Amino acid sequence: MTRRADVPRAIFWGVVATALLALLIVVGSRNLRHFDAALVGYTFATLFAAFGITYRYTMWLQRPPTKLYWKRGWQVFFDGHFLPGNLRQIVRRAVVEFAGNRFIFRRGLLRGAAHWSIMWGCVLAGAVTFPLVWGWIHFETVPGHPETYRTFVFGLPAGTFPVDSALAFVVFHALVWASILVVAGVMLAFRRRMIDHGAAAVQQFGEDILPLVLLLAISVTGLMLTVSYTWMKGYAYSFLAILHAVTVIITLLWLPFGKLFHVFQRPAQLGVSFYKDAGKRTEQAKCARCGAAFASLAMVRDLIPVERDLGFRYELTGPLEHYQHVCPRCRRVLFGLAQGSLWTSRD
C-alpha cells in the first residue's frame with residue numbers, strides 16, 4: 001500500500017544519496033584531478049544506481065511490516081539492558097550468517113558454495129572497482145624509483161610496494177580473483193537449476209536467470225581483457241573493453257530493479273533477529289481459547305495495527321476479540337468447527 005507522501009520522500013532521499021556520492025567523488029578525487037574521464041560512463045551508472053537503490057529502499061522501509069520491524073529492531077538493539085549482548089551477537093551473526101553464509105549452507109553444500117562464491121566475488125570486485133572508478137585510489141611510481149609504486153587513498157599517500165612483488169601481483173590481479181569466484185559460483189548455480197526439477201519449476205528469467213547471466217558476462221569479459229593484454233599482445237582489447245563496459249553499465253542500471261537488490265535488503269534481517277530474540281525473553285501471548293502460550297505478546301500486539309494499515313481486519317465477536325489472540329492449533333480447530341456448522345445448518 002503506497003501512500004501519497006511515500007514517493008516524494010523516497011525521491012528526496014534518492015537525490016540526497018546521489019548528491020552525497022557525487023560530492024564524495026569530487027572530494028575523493030581531489031576536484032577530479034585523479035578522475036579518469038574514460039570511466040565517466042561507469043560513474044554515471046553508479047550515480048543512477050545510488051538513486052534507484054535509495055529510492056527503492058526508502059519505499060520498502062515505508063511498507064507497514066518493514067517499517068515496524070525496522071523501528072522495533074533498532075529499539076531492541078539499543079536497549080540498555082541488552083546492548084552489550086547485542087553487540088556480541090551482531091558481530092557473531094555478521095561473521096557467521098553473512099560472511100560465512102550459514103543460512104544458505106543449511107539448504108545444501110553446493111548451494112551455499114555457489115552463493116558464497118558469487119557474494120565474495122562481487123564484494124571483492126566492488127571494493128576494487130568503485131574506488132578506482134571514482135578516483136579515490138590511484139597509483140604512481142616513486143620519483144627516482146620507477147620499480148616502486150605508491151598508493152594514494154583520497155589523495156593521501158598510503159604506502160609503497162615493489163612492482164614485481166607478490167603483493168603487487170595479488171593487488172593488480174584482484175579483479176581476476178573476483179571474476180574466477182563469480183564464474184565458479186554462477187556455474188554451480190546454473191548446475192542446480194538444470195538438475196533440480198523443483199528449482200527449475202519456479203524459475204523466472206528476470207528474477208533468477210538474468211542476474212546470473214549479467215554477472216557471468218561481466219566476469220568473462222573482464223577475464224578476456226586480462227588474457228588479451230597478458231598473452232595476446234592486446235589483440236581485440238578495445239572491443240573487449242567496450243563490451244565489458246557495456247555489461248557493467250547495464251548491470252548497474254538494472255541493479256535497483258532486479259533480484260540483486262536483495263543484497264541491500266538482507267542486512268535488515270539482523271534487526272528482525274534481535275526483535276525475535278527480545279520476544280523470547282519477554283512475556284508470551286496466551287491463546288484466548290485454550291490458554292497456551294504461542295508467541296511473543298509484543299509481536300502479537302504489533303501485528304494487529306500492521307494488518308489494519310494493510311487493510312485487513314480480523315476482529316472476532318465474543319471473548320476471543322481478535323484472530324491474532326488465537327494460537328495456530330485453535331485456529332485449525334475453529335476452521336473445522338466453522339465447516340461443521342455449515343454442514344449442520346444445511347441439514
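A residue is called buried when its relative accessible area is under 20%, exposed when that area is over 50%, and partly exposed in between. The exercises below apply this to a predicted model.

**Exercise 1.** Determine whether Arg313 and Val26 are buried, partly exposed or exposed, and say where each of them is found.

*Solution.* Begin with Arg313, which lies in the loop between α14 (297-309) and α15 (328-346). Its relative accessibility is 59%, and because the exposed class begins over 50%, Arg313 counts as exposed. Turn next to Val26, a residue of helix α1, whose relative accessibility of 31% falls between the two cut-offs, so that Val26 counts as partly exposed. Val26 also contributes to a nonpolar surface patch of about 490 Å², together with Leu20, Leu23, Leu24, Val27 and Leu32.

**Exercise 2.** Check whether the end-to-end distance of helix α1 (residues 6-28) agrees with its number of residues.

*Solution.* Helix α1 has 23 residues, and the expected span is 1.5 Å times one less than that number, so the helix should span 33 Å. The C-alpha atoms at its ends are 33 Å apart, which agrees with the expectation. Just after α1, Arg30 adopts a positive phi of about 55°.

**Exercise 3.** Identify the buried residues of α1 and the element against which they pack.

*Solution.* The buried residues are Asp6, Ala10, Gly14, Thr18, Leu21, Ile25 and Gly28. To read this list, recall that an α-helix has 3.6 residues a turn, so residues three or four places apart point the same way. The buried residues of α1 pack against α2 (40-61).

Technical notes
Residues numbered from 1 in each chain as written. Predicted model: local features only at pLDDT ≥ 70, side-chain atom pairs only at ≥ 80, totals over all residues. Heavy atoms only, no water. Helix = DSSP H or I, 4+ residues; strand = E, 2+ residues; numbered from the N terminus. Buried < 20%, exposed > 50% of the residue type's maximum accessible area, 1.4 Å probe, protein only. Contact = heavy atoms within 4.5 Å. Patch = residues over 30% accessible without salt bridge, like charges linked within 9 Å, V, L, I, M, F, W, Y side chains within 5 Å. Areas by Shrake-Rupley, 256 points an atom, 1.4 Å probe, with all protein chains shown as cover. Salt bridge = Lys/Arg side-chain N within 4 Å of Asp/Glu carboxyl O.
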